[in-house]
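Here is a friendly walk through one protein model, meant to be read with the structure open beside it. Please keep the viewer at hand as you go.

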Amino acid sequence: MSGCSHFRDGHQGELVTANKRLWFIRAGRDAAFFDAFKAEGYVGIGWDKVGPLAPDLSADELEARFAKAYPEDKEGTRRVWAAQVRRFMRDVEQGDSAVTYDPNERIYLLGRIESGVENRAGPPPLVRRVRWTHHVLRNQLSAATRNGLGSIATLFRPSAEATAELWAQAVELERPVASLPPTPAPAVDSDEGTEAVLREEQFEKAEQFIEDRIARLNWSEMQELVAGILRAMGYRTRVAAPGADRGVDIFASPDGLGLQEPRIFCEVKHRVGESMNSQSIRAFLGGRKQGDRCLYVSTGGFTKDARYEADRSSVPLRLLTLSDLRELLVEQYENLDAETRALVPLKKLYWPVG
């Protein structure tokens, strides 16, 4: 079996070949469809206004459909969208492998495509059935692979090196042999379309790299980062010393003493890849009283039950994920003190507009 590596699928005993073509399909903006992808077993793409599509639709016909459905968008942008949809219908094949990403839990999900293209009510309107078999934590991957998987494109082929590393980390085996080269991205002959995609891609990569940097902090540094952001927002903070903190890692208030409201009690859980559940939320809220304000930071995200528990709480509670923390960090960066900036050093990037 030279030139081909195999991995055992623990659920049904079948073999997955690591040199199958791998397609990255984004789960929508901010991974809005990731839970549906995972639970219902599919990947999808498309723009609702275009309507049902047939795989044999020509490029010109597809672009005309996009022009009619989205006349307010630039021609170059519509051409990029049409090329992505056509690729999903024509180039992706049953038996290929698929990978998608959840930025909230920083997990890549891998599996095998098991159907042709299907139209549905959506969103997304075009889907292919997938049997998911593996997952990989983003922080297990090299910087080069994370960079290569940071494309803003809805659909693309990861490089052979990134594909090999994904499969290797997914099954905790040695790096498999990758025999297929990546498929080139579709050409875009419009400067405005290319620039728009490039700009979005760079911003998306910047966000992911900032989250990578935050995720590398240790637990005490993470506490200091959250406290520093609260100080930048105008509060005074007290950070709990190492050891038993009785559920409160950071206390913040306008005067730092708790004599002035709002009194903010903050819990920080730095466990990338481990979502906090409803029991964790209930334990944190125990002992809080009317007038308190609560903040729960989890770099591993929250389960649906945890979010439900937070919504029904009688005490105001805000849940913050790693992406939420990144947004606050960037928003407050100019107001941070030097010690907090040193935890996640950032540099401003200027991009031409108009």
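The report below starts with the whole chain and then turns to the strands and helices.

**The model as a whole**

This is a predicted model, in which local features need pLDDT of at least 70 and side-chain atom pairs count only at pLDDT 80 or more, while totals for chains, interfaces and linings use all residues. Residues are numbered from 1 along each chain as its sequence is written, and side-chain values use heavy atoms, with hydrogens and water left out.

The protein has 11 helices and 14 strands; helices (H or I, at least four residues) and strands (E, at least two) are DSSP runs, numbered from the N terminus. Of its 354 residues, 50% are buried, where buried means under 20% relative accessible area with a 1.4 Å probe, counting protein chains only. About 18000 Å² is exposed by the protein, and carbon and sulfur atoms supply 49% of that area, computed by the Shrake-Rupley method with a 1.4 Å probe. Among contacts (heavy atoms within 4.5 Å) with a separation of 6 or more, 62% link residues 24 or more positions apart.

**Strands around β5 and β6**

Two strands count as paired if DSSP finds at least two bridges between them. The table lists some pairings.

| Strand pair | Bridges | Sense | One residue pair |
|---|---|---|---|
| β3 (residues 22-25) and β5 | three bridges | parallel | L22 with S97 |
| β5 (residues 97-102) and β6 | six bridges | antiparallel | S97 with R112 |
| β6 and β8 (residues 126-137) | seven bridges | antiparallel | I113 with V130 |
| β11 (residues 250-253) and β12 (residues 263-269) | three bridges | antiparallel | I250 with C266 |

S97 of β5 is thus the bridge partner of L22 and also of R112 in β6. How much of β5 is covered? Six of its six residues are buried. S97, V99 and Y101 point one way, while A98, T100 and D102 point the other way. Strand β6 (residues 107-113) is mostly covered too, with seven of its seven residues buried. Four residues lie between the strands in the hairpin of β5 and β6, where R106 adopts a positive phi near 55 degrees.

**The five-stranded sheet**

Further along the chain, an open sheet with mixed pairing has its five strands in the order β10-β11-β12-β13-β14. Its edges are β10 (236-239) and β14 (317-320), each with a single partner strand, so one side of each has no neighbour in the sheet. On average, neighbouring strands here are turned by 20 degrees against each other, direction ignored.

Helix α8 lies across β12, β13 (292-298) and β14, and runs at about 145 degrees to β13. Such angles run from 0 to 180 degrees between N-to-C directions, with axes fitted to C-alpha atoms, for helices over the stretch in contact.

**Helices α8, α9 and α10**

How do α8 (residues 278-285) and α9 (residues 304-311) pack, and at what angle? Their axes are 7 Å apart, at an angle of about 30 degrees. The two helices are therefore roughly parallel to each other, a label for angles under 35 degrees. S278, I281 and R282 of α8 meet D305, A306, E309 and A310 of α9 in this contact.

Finally, why is α10 (residues 322-332) described as largely enclosed by the rest of the structure? Eight of its 11 residues are buried, so the description follows from that count. Among the buried residues are L322, L325, L328 and L329, as well as S323, D324 and R326.

Key
Angles under 35 degrees count as roughly parallel, over 145 as roughly antiparallel, 65 to 115 as roughly perpendicular and the rest as oblique.
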